[in-house]
Amino acid sequence: MGWLDITMKIERIFQILALLGLCLIVIFSLVPGHVRPQTSVSGYVEHFIAYTVVAACFAIGRRSPLFQAGIVISAFAIAGLLEALQSFIPGRSSDVASTRVSGTGGFLGVCLTILLLHFWRSVMPSPTSHITR
């Protein structure tokens, strides 16, 4: 198994994790308030962490700069849509600040991924660096 095969498998794993995470965000955003699991942290912290992690998974799964910009735009759009839909769900309320917090989490997830991948490339040797000409 070559370096490219390993990289493609890792990207595929993160693509699957990102889609699962997005599905969980949608489900937990659209269930009635009494059904949604409660944590000890504020809703803003929950939103921020969830969107940061999911956006990072998407960014690792697809490292194209255009795709990463789309992740950030999508984070804000999805958060806004889910917040708007919550106003029709019993026990839920819509909050513009949650949209901003969620979108910012998505932005941070992409930025952290770009920084970590840049750092990783600068520290790790290239898979072909041992080949001499």
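A charge sits over a ring if NZ of Lys or CZ of Arg is within 6 Å of the ring centre and within 35 degrees of the ring normal. The exercises below use a predicted model, in which local features need pLDDT of at least 70, side-chain atom pairs count only at pLDDT 80 or more, and totals for chains, interfaces and linings use all residues. Residues are numbered from 1 along each chain as its sequence is written, and side-chain values use heavy atoms, with hydrogens and water left out.

**Exercise 1. Find which residue lies over the face of Phe67.**

Solution. Arg62 lies there, at 4.8 Å from the ring centre.

**Exercise 2. List the residues of the largest nonpolar core and say which helix gives the largest share.**

Step 1. A nonpolar core is a set of buried Ala, Val, Leu, Ile, Met, Phe, Trp, Tyr and Cys residues joined through side-chain atoms within 4.5 Å. Buried means under 20% relative accessible area, exposed over 50%, and partly exposed in between (1.4 Å probe, protein chains only).

Step 2. The largest such core has 6 residues: Ile25, Tyr51, Val54, Ala75, Ala79 and Leu82.

Step 3. At least two residues of this core come from each of helix H2 (43–61) and helix H3 (65–86); helices are DSSP runs of H or I with at least four residues, numbered from the N terminus. H3 gives the largest share, 3 residues.

Step 4. A second, separate core has 5 residues, among them Ala55, Ile71, Val72 and Val110.

**Exercise 3. Describe the surroundings of His47.**

Step 1. His47 is located in helix H2.

Step 2. With a relative accessible area of 18%, His47 is buried.

Step 3. Residues up to four places away in sequence set aside, His47 touches Glu83, Ser98, Val101 and Ser102; contact means heavy atoms within 4.5 Å.

Step 4. With Ser102, the side chain of His47 makes a side-chain polar contact at 3.0 Å. A polar contact is a pair of N or O atoms within 3.5 Å; within protein, one must be able to donate a hydrogen and the other to accept it, and residues adjacent in sequence count only if both atoms are side-chain atoms.

**Exercise 4. Determine how many disulfides the whole structure holds.**

Step 1. The cut-off for a disulfide is a pair of cysteine sulfur atoms within 2.5 Å.

Step 2. The search finds 0 disulfides. For Cys23, the nearest cysteine sulfur is that of Cys57, 13 Å away.

Step 3. Cys23 is partly exposed, at 44% relative accessible area.
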